[in-house]
Structures are given as structure tokens and as C-alpha cells.
Amino acid sequence: MNNELLTRILSSLVLIPIVSFFIIKGSFFFNFFILVLLFITLYEWHYLSFKRVYYLPGFIFIFFSLYTFYILRNEEYYSFFWLIFLICIATDLGGYIFGKILKGPKLTKISPNKTYAGMLGGFILSIIFASIYLNNLTLFSLENTDKEMEVKIIIIVLSISFISQVGDLIISFFKRKSKIKNTGNIIPGHGGILDRI
């Protein structure tokens with residue numbers, strides 16, 4: 001196992017429980033967490049895009065994204081929030097693992113490390129994670145759904161996974177335009193907060 005992968009895994013093992021704590025606790029803890037994320041991502045975006053034409057739209061998009069994150073944490077959408085969260089983690093994990101193991105043709109010049117195998121791996125792992133999650137919810141189980149509903153769920157999962165991968169490529173595009181490797185170095189092995197979200 002190379003040093004980069006080991007660092008990435010160790011960072012994730014520390015990061016996931018911390019993030020989960022703030023999300024589960026909600027209330028003041030979650031609000032504080034959102035504000036910290038907002039300030040760090042705005043700083044990273046400023047560093048990444050200062051004096052460029054997409055500078056202001058990026059700020060607006062970050063506000064919109066974190067506001068959506070905040071709203072989805074609401075009790076009414078809590079289960080769906082965790083589904084999205086898990087799909088994004090699974091997509092990233094699947095892309096990294098399948099891409100590293102299978103390698104193969106590159107997906108795009110925007111992000112040279114991305115491969116078709118990684119893209120498919122992201123989709124596959126997101127479906128697996130979503131199935132495990134949905135089958136263990138007390139309010140919802142795939143066992144009680146008909147075929148049409150199962151197809152709709154798979155489409156939703158794949159759509160979220162697809163958006164997650166497109167978001168990753170968009171940030172990669174802006175990083176290439178700015179000639180930087182990562183949006184920051186706050187998370188060892190991962191880069192900045194924008195690299196993650």
C-alpha cells in the first residue's frame with residue numbers, strides 16, 4: 001500500500017466520525033459545522049478563482065450548496081440526507097478503488113486520474129451502499145417495493161452518483177485553469193474541503 005493511499009484512508013477514518021457527529025447531533029453543533037465549512041470553502045474558492053470571470057458565480061454556488069445541505073439535514077428530509085451522503089461517499093470510494101485497480105482508458109483530460117473503470121465503480125458501489133442503507137431503514141425497505149419503484153430508486157441513486165462525479169470534474173476543471181493540484185491541504189491525502197464536497 002503506497003503512502004498516499006494510506007494517508008487517504010487514515011484521514012477518512014478520522015474525518016467520517018467527526019462529520020457524522022455534527023450531522024447526527026444537529027442543532028447548534030450542525031449550524032457551527034456548516035459555518036466552518038462555509039468559511040473554509042469560500043476561502044479556498046477565493047484562492048482558486050480570484051480575478052477570474054467565474055469568481056462571483058462560484059461564491060453564489062457555494063452558498064446555495066451549503067444552504068441545501070443545511071435544509072436537507074432537517075428532520076423531514078433526514079433519511080434522504082443520509083442516502084445522498086452515503087451515495088457521494090460510495091461514488092468517490094468506488095471511483096478511487098476501481099480506478100486504481102482496473103486502470104484503463106482515461107475519462108477526460110480535465111482530470112487525468114479519472115478513468116471509465118472508476119466512473120463505473122462509482123455507480124456500482126453507490127447502488128450497493130444505497131441498497132444496504134434502504135433495506136435497513138425501518139420506514140422503508142426495498143423488499144416491500146414493486147419493480148417500477150425499484151427502477152425509480154436505481155435511477156435516483158445513479159443520478160445522485162452522476163451529479164457527484166460531475167461536481168468532482170467541475171472542481172478539477174477549475175483547478176486546472178488555476179494551475180493548482182488541490183483546493184487546499186487541510187485534509188491529508190485528500191486536499192481541501194472543496195476537493196471533498
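Tyrosine 67 sits in helix H3, helices here being DSSP runs of H or I with at least four residues, and strands runs of E with at least two, numbered from the N terminus. The model is a predicted one, so local features need pLDDT of at least 70 and side-chain atom pairs count only at pLDDT 80 or more, while totals for chains, interfaces and linings use all residues. Residues are numbered from 1 along each chain as its sequence is written, and side-chain values use heavy atoms, with hydrogens and water left out. With a relative accessible area of 52%, tyrosine 67 is exposed; the cut-offs are under 20% for buried and over 50% for exposed, with partly exposed in between (1.4 Å probe, protein chains only). Its C-alpha atom is 9.5 Å from that of leucine 38, and the two residues are 29 apart along the chain.

Stepping back to the whole fold, the protein chain has seven helices and zero strands. Read from the N terminus on, the elements go α-α-α-α-α-α-α. The radius of gyration, taken over C-alpha atoms, comes out at 17 Å, which agrees with the value near 16 Å for a compact globule of 197 residues. The rule behind that value is 2.2 Å times the number of residues to the power 0.38. Along its principal axes, the C-alpha trace spans about 55 × 45 × 35 Å. Of the 197 residues, 36% are buried. As for contacts (heavy atoms within 4.5 Å), 61% of those with a separation of 6 or more link residues 24 or more positions apart.

On the outside, the protein chain exposes about 12,500 Å², and carbon and sulfur atoms supply 71% of that area. These areas come from the Shrake-Rupley method with a 1.4 Å probe, and for residues only the protein chains shown count as cover. There are 18 positive and 11 negative side chains, and the centres of the two sets lie 16 Å apart. Lys and Arg count as positive and Asp and Glu as negative, leaving out His and the chain ends; each charge is placed at NZ of Lys, CZ of Arg, CG of Asp or CD of Glu.

Now for the aromatic rings. The structure holds 21 aromatic pairs. One of them joins phenylalanine 21 and phenylalanine 22, edge-to-face, at 5.3 Å centre to centre and with 75 degrees between the planes. Rings of Phe, Tyr and Trp (its six-membered ring) pair if their centres lie within 6.5 Å, and planes under 30 degrees apart count as stacked, over 60 as edge-to-face and the rest as tilted. Phenylalanine 21 is partly exposed at 39% relative accessible area, whereas phenylalanine 22 is buried at 17%. Tyrosine 78 and tryptophan 82 also pair: their ring centres are 6.2 Å apart and their planes stand at 85 degrees, so this pair is edge-to-face. Both belong to helix H4 (residues 78–102), where being four residues apart separates them by about one helical turn. Tryptophan 82 is buried, its relative accessible area being 14%.

Helix H4 also holds threonine 91, which counts as buried at 5% relative accessibility. Not counting residues up to four places away in sequence, threonine 91 touches Gly122, Ser126, Ser161, Ser164 and Gln165. The last of these, glutamine 165, lies in helix H6 (residues 147–178) and is buried too, with a relative accessible area of 16%. Leaving aside neighbours within four places in sequence, glutamine 165 is in contact with Thr91, Met119, Gly122 and Phe123.

Two lysines in loops deserve a mention for their backbone. Most residues other than glycine have a negative phi. Lysine 51, however, has a positive phi, near 65 degrees. Lysine 51 is placed in the loop between helix H2 (27–49) and helix H3 (55–72), and is exposed at 74% relative accessible area. Lysine 103 has a positive phi as well, near 50 degrees, and its place is in the loop between H4 and helix H5 (116–135).

Back at the start of the chain, asparagine 3 lies in helix H1 (residues 3–25). Asparagine 3 is exposed, with a relative accessible area of 63%. The C-alpha atoms of asparagine 3 and serine 172 are separated by 22 Å, the two residues being 169 apart along the chain.
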